[in-house]
Amino acid sequence: TGNSTFTGDLRVTGDVSEGSTTGAMFISGVAGIKTAPTYSFQGNTSLGMYRTQADHLAFATSNVMRTQIASDGQFYQYFNATFSGNIITTGGSDANLILRSASTRSGIFLKKPATDSIMGSVLMLADESYRLGTASYYHMNMLQDGTTTLLGAGNTALTIDTSANATFGGNVTIDANVNHS
């Protein structure tokens, strides 16, 4: 109890604790892992901050890594997040927002305002195709070979290949009142 003053280094073998009160500072004497972060709290040691490798800082909750800051400044998020307000990314000469998923598709789902109903999506699938769609159907597929397909209710309506050749997948109706020259 009381205050202590040290001149020089203070080296501790083992852990450092502010006290036994839940929420008090707790510093482990090791680099830490997601199930035992280096910097955590008394009574809640599954929450904290730790080093994953040289110059990488990670944050864990419930023994799961949620965020990591890499040595090059990249910020990695490993959880579903809900934000209120805008997400603004700046900098870099490449894409500012990188989405990666462990499943067969990565992308963005767009929800109807003030609801949890999905109204649309922009996705990249494991086959490296890009798809734009609504809640029920994909409406445009863009393939890596440059082919683009437009769909109606999930059925191919028009395919345009890399030579700009168009193939129609259904009936073609030409309006006689339109000048086709």
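In what order do the elements of the protein run from the N terminus on? In this predicted model, the order is β-β-β-β-β-β-β-β-β-β-β-β-β-β. The protein contains 14 strands and zero helices.

Confidence in the prediction was examined next. The mean pLDDT of the protein is 81, and 86% of the residues reach a score of at least 70. Among the elements, strand 12, which covers residues 148-152, has the highest confidence, with a mean of 92. Confidence is lowest in strand 2, where the mean is 66. Where pLDDT is low, predicted coordinates should not be read in detail.

The protein has 181 residues, and 17% of them count as buried. Its accessible surface amounts to about 13800 Å², with carbon and sulfur atoms contributing 52% of that area. Of the contacts between residues at least 6 apart in sequence, 3% link residues at least 24 apart.

At the level of single residues, Thr38 was considered. Thr38 is located in the loop that connects strand 2 (25-27) with strand 3 (39-41). The relative accessibility of Thr38 is 8%, and Thr38 therefore counts as buried, because the cut-off for buried residues is under 20% relative accessible area. A polar contact is also found here: the side chain of Thr38 reaches the backbone nitrogen of Gly32 at 3.2 Å. Thr38 thus combines a buried position with a side-chain contact to the backbone of Gly32.

Note on methods:
Residues numbered from 1 in each chain as written. Predicted model: local features only at pLDDT ≥ 70, side-chain atom pairs only at ≥ 80, totals over all residues. Heavy atoms only, no water. Helix = DSSP H or I, 4+ residues; strand = E, 2+ residues; numbered from the N terminus. Buried < 20%, exposed > 50% of the residue type's maximum accessible area, 1.4 Å probe, protein only. Polar contact = N/O pair within 3.5 Å; in protein donor to acceptor, adjacent residues only side chain to side chain. pLDDT = per-residue confidence, 0-100. Contact = heavy atoms within 4.5 Å. Areas by Shrake-Rupley, 256 points an atom, 1.4 Å probe, with all protein chains shown as cover.
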